[in-house]
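Student: Could you take me through one part of this model up close? I'd like to hear about the aromatic rings and how they pair up.

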Amino acid sequence: MSHPVRLFGSHSLQLQAVQPATSQGYRSAFERFETYVFRVLGVQLRSVNCPILMDEYLNQYLLAVYEEFDGAMMHLGVRAIPGVLQEMGFQWNSAFPNSRRTLKGWEKKHPPKSALPLPASYVDLAALVLVLSGAPRVGAGLLIAFEGFLRVSELCALTSSDILLPSSLLSTTTTCGLRLGRTKTGRNQFVFISDPTVIQLLHQLHASTAPNAKLFPGMTPSKFNAALKWATRVLGITEHYTMHSLRHGRATAAFLAHVHPDVIRRAGRWSSLHSMETYLQGVTAFLLQTTTPPPLIPLLKLHTTVHKLLPMFCRG
C-alpha cells in the first residue's frame, strides 16, 4: 500500500517549474473536483489522506465528467490529477492507478484534437471586427500573436518594455522584436517581427503605454479566447477557434510557403522538430479542407488591404 508523503518545501520548488497559467488550470480543475465530491458524496476533499480513497473519488469524478459532456472536455480530467498533487501538497508512488486507466480509455475512445489553424485572412478580419467594436488593443493583440507565434499566456504577459523597436536593435533596422520573459520552453526568449503592419502596431502600443505597463491590461487568456470566439461568430465562421489557433495558423502558413521546418520550430520555440512536423502535416490537411462561409468570400479578397489599414483603425 502506498502512503502519502507531504512535500513541504520541495512542493513549493516544484510549483516554480509550472507556468502560472498551467498552475491556474490545475487549481480550477481541482476546485471543480472538490465541489463535486462535497456535493455528491458530502466529503471534504482536503481532509482525505488515503491515496486509495482519493483514487476512488477521482475515478468516480472522471466517469461523471465523461457522462456529463459525452466524452468531451477531457482536459478537466487530465488536469484533476496534477491539481490534487498541487493543491494538497501530496505525492504518491504510482498515484491514482484506476483514475489513470480511466483517462487512458477516455483518450482512446475520444482522441484529443489540436487547436484548428486559423488562416491569416480570418485573423485580419477578426481583428478588424474587434477594432471597430471598440477594442483596438485586443484586435492588435490578435495580429501580434499570429505574427509572433505567441502562446496566449505570452501575449497577456507582454509589457511596453518588452517591445524592442528597430532603433534599439543593432542587427537590423527593418525588423522589430519582442522579449518573452517566461515561456513554456524557457526564460528570456526573443521573437523577431518583420511584418510592417505589426511593427507599426507595436510602435503605436509602445507610444501609448506607460513604461513597464501591460500592453493588454485586464486581458486574460480566457478573455482573449472569448473575444476571438465572438469576432469569428460575427463573421459567420462556425469552426471553433481558440487563441492557440493563431499560433498553429502561423506555423501552417509558413509550412505551406515552404519555410524549412527547423526555421518554423525556432520561430515558434517548439522543443521537438519531429512532433512539430507530425502536427503540421495534420493541421495542413485540415486547413486545405476548410470551407469559407459564402458571405466572407468578398471580404477575404480585401483582406490584404484590411491588413495594411489596421494600424490606422487602431489609432483612430
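Tutor: Sure, let's start with a trio: Phe33, Tyr36 and Tyr61 make up one aromatic cluster. Bear in mind that this is a predicted model, where local features need pLDDT of at least 70, side-chain atom pairs count only at pLDDT 80 or more, and totals for chains, interfaces and linings use all residues. Residues are numbered from 1 along each chain as its sequence is written, and side-chain values use heavy atoms, with hydrogens and water left out.

Rings of Phe, Tyr and Trp (its six-membered ring) pair if their centres lie within 6.5 Å; planes under 30 degrees apart are stacked, over 60 edge-to-face, and the rest tilted. That rule gives seven aromatic pairs. In one of them, phenylalanine 33 and tyrosine 61 have ring centres 5.1 Å apart and planes at 45°, so this pair is tilted. Phenylalanine 33 sits in helix 2 (residues 20-41) and tyrosine 61 in helix 3 (residues 51-68), so the pair ties together parts 28 residues apart in sequence. Helices here are DSSP runs (H or I, at least four residues), numbered from the N terminus.

As for burial, under 20% relative accessible area is buried, over 50% exposed, and in between partly exposed (1.4 Å probe, protein chains only). Phenylalanine 33 is buried at 0%, and tyrosine 61 is buried too, at 2%. Another pair, phenylalanine 190 with phenylalanine 192, is edge-to-face, at 4.8 Å centre to centre and 80° between the planes. Phenylalanine 190 is partly exposed, with a relative accessible area of 33%.

Methods: Helices (H or I, at least four residues) and strands (E, at least two) are DSSP runs, numbered from the N terminus.
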